[in-house]
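Colleague: Could you take me closely through the sheets of this model, and then through the helix packing and the buried positions that go with the wider picture?

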Amino acid sequence: MAPRCWRWWHWWSAWPRTRLPPAGSTPGSGQLFSTQEQAPQICVVGSGPAGFYTAQHLLKHHSRAHVDIYEKQLVPFGLVRFGVAPDHPEVKNVINTFTQTARSDRCAFHGNVVVGRDVTVPELQEAYHAVVLSYGAEDHRALGIPGEELPGVFSARAFVGWYNGLPENQELAPDLSCDTAVILGQGNVALDMARILLTSPQHLEKTDITEASLRVLRQSRVKMVWIVGRRGPQQVAFTIKELREMIQLPGTRPILDPADFVGLQDRIQEVPRPRRRLTELLLRTATEKPGREEAAGQALASRAWGLRFFRSPQQVLPSPDGRRAAGIRLAVTRLEGAGETASAVPTGDMEDLPCGLVLSSVGYKSRPIDPSVPFDPKLGVIPNVEGRVVGVPGLYCSGWVKRGPAGVIGTTMTDSFLTSQMLLQDLKAGLLPSGPRPGCAAIEALLSSRGVRPVSFSDWEKLDAEEVSRGQGVGKPREKLLDPQEMLRLLGR
């Protein structure tokens, strides 16, 4: 237990017959002191970008605030660790900023704590002046088609978690002995997975990809990756940076059908510049002959990838023995409407695409965390107004659980700062409980009584040092620890 928690618990235990004011109550003349004058105790649930950016903003803009971050994994950083592609180390540099936040003497990390199981949200509300839910999107959107349950079909979240070392996905064991893989969805995650499947293992072994997944990728026979979307080139969700990486990927060649781009040049003149530049790059790749050097490289390429537009998945086709995926049936679509809001409608035509691996990248989805917290199952978000949870004073949300699983880390930063601003406004306006709150002292006492031992940030730094040490031995930036039990043993648990 952190020294600050001990101090609070000693003070709180000695306070004569004082009860916590109800969560969300407003200050009254009989309450002990103003939260604005004293140190507000704030809890953040989730240690990914949303959680850390929320904590960072709170600490920066309130000089006495104490922030406790609770995380269900033993290790921090969420999708920066478990979602960002291993060949994108520059994106992970944000971890340095988060580390500085976690090292603040007004911030504490509590890993290995599952909110909703080990401790409830109402218990957190009783112990803190405010609670911010920033736990992200832990599930995937189902395709809802026959054959989705067949071996050889994986969600993007599970596949990305597998090669990035998410403990719950380490038993995935994808079979990459097939020639063709199909990825459903045309966002950045889809391109990440295609790139990992087609990149030379010799390049990947210099990244922080797990050794277990690298062993499987070294044996891969996948030569062709189709990236399938319901709509057209003007509606793709990936960004130009990721597309350019795919086009320039060594040892591969792109396959795009020029017929998908007929008349597109005239239609993109009035669209916003980022979308226009992206579509122009697609158009050039599909219709222009590559330069001599590029053409020579493509002629020698042993692998290929392609974008299949105007196709909607209808069924995963089984192998003759019915024991695994062997293809996918696609409905041919056409667009109704124009631009990014155009919708895909079926034409009535179908086509079958043989493949041995299907990766569904149609979106992540948040889960409800606690029966006391309102949740919109259709949108997969916590109902909120600018981060204030509807109908629950003192409860806030940030990141994907607030707005849905869209955008990049920078989007999450802006969103989290906004939630923090709303919380601080409410604090200043006297809309949060004013009396003292015990914060982590009360929660760690509860967890201890339930046999839960949190992992601190200094514990994480020991695990971090072990990962870096193991990686140095094989020429990698780190070799991620995959087994929670091994992590606890290394911490002497």
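Modeller: What follows starts with the two sheets, goes on to a pair of helices, and ends with three single residues.

The model is a predicted one, and every value below should be read with that in mind. I begin with the sheet of 6 strands, which is open and parallel and has the strand order 6-14-7-8-10-9. Strand 6 (153-155) and strand 9 (252-255) stand at its edges, and because each has a single partner strand, one side of each is left without a neighbour in the sheet. From one strand to the next, the twist of this sheet averages 20 degrees. Within the sheet, strand 7, covering residues 180-184, and strand 8, covering residues 224-228, run parallel and are joined by 5 bridges; here valine 182 stands opposite tryptophan 226 of strand 8.

The other sheet is built from 3 strands, again as an open sheet, but its pairing is antiparallel and its order is 11-12-13. Its edges are formed by strand 11 (311-318) and strand 13 (343-354), each of which pairs on one side only, and the twist from one strand to the next averages 20 degrees. Strand 12, which spans residues 325-336, is connected to strand 13 by 9 bridges in an antiparallel arrangement, and one residue pair can be named: arginine 329 has aspartate 352 in strand 13 as its bridge partner. As a general point for both arrangements, strands of a sheet pair through backbone hydrogen bonds, either parallel or antiparallel.

Turning to the helices, helix 10 (residues 240-247) packs against helix 12 (residues 273-287) at an angle of about 20 degrees, and their axes are 10 Å apart. Because angles under 35 degrees count as roughly parallel, helix 10 is roughly parallel to helix 12. The crossing of helix 10 past helix 12 is left-handed. From helix 10, the residues in this contact are Ile240, Leu243, Arg244 and Ile247, and they meet Arg277, Leu278, Leu281, Leu282 and Thr285 of helix 12. Sorted by class, the contact of helix 10 with helix 12 comprises 6 nonpolar, 1 polar and 2 charged residues.

The single residues come next, starting with one in a loop. Serine 134 lies between strand 4 (130-133) and strand 5 (139-140), and because its relative accessible area is 4%, serine 134 is classed as buried. Not counting residues up to four places away in sequence, serine 134 touches Val44, Val45, Gly46, Ala50, Gly51, Thr54, Ser398 and Val401. Serine 134 and serine 416 are 282 residues apart along the chain, while their C-alpha atoms are separated by 8.7 Å.

Asparagine 164 belongs to helix 6, which covers residues 156-164, and its relative accessibility of 0% makes asparagine 164 count as buried. When its neighbours within four places in sequence are left aside, asparagine 164 is in contact with Arg81, Phe82, Gly83, Val84, Pro86, Thr210 and Lys480.

Valine 67, finally, is part of strand 2, which spans residues 66-70, and with 0% relative accessibility valine 67 counts as buried. Between the C-alpha atoms of valine 67 and glutamine 186, which are 119 residues apart along the chain, the separation is 38 Å.

Methods
Residues are numbered from 1 along each chain as its sequence is written. This is a predicted model: local features need pLDDT of at least 70, side-chain atom pairs count only at pLDDT 80 or more; totals for chains, interfaces and linings use all residues. Side-chain values use heavy atoms; hydrogens and water are left out. Two strands pair if DSSP finds at least two bridges between them. Helices (H or I, at least four residues) and strands (E, at least two) are DSSP runs, numbered from the N terminus. Axes are lines fitted to C-alpha atoms, for helices over the stretch in contact, and angles run from 0 to 180 degrees between N-to-C directions. Angles under 35 degrees count as roughly parallel, over 145 as roughly antiparallel, 65 to 115 as roughly perpendicular and the rest as oblique. A crossing is left-handed if the near helix is turned anticlockwise from the far one by less than a right angle, and right-handed if clockwise. Contact means heavy atoms within 4.5 Å. Ala, Val, Leu, Ile, Met, Phe, Trp, Tyr, Cys and Pro count as nonpolar, Asp, Glu, Lys and Arg as charged, and the others, Gly among them, as polar. Buried means under 20% relative accessible area, exposed over 50%, partly exposed in between (1.4 Å probe, protein chains only).
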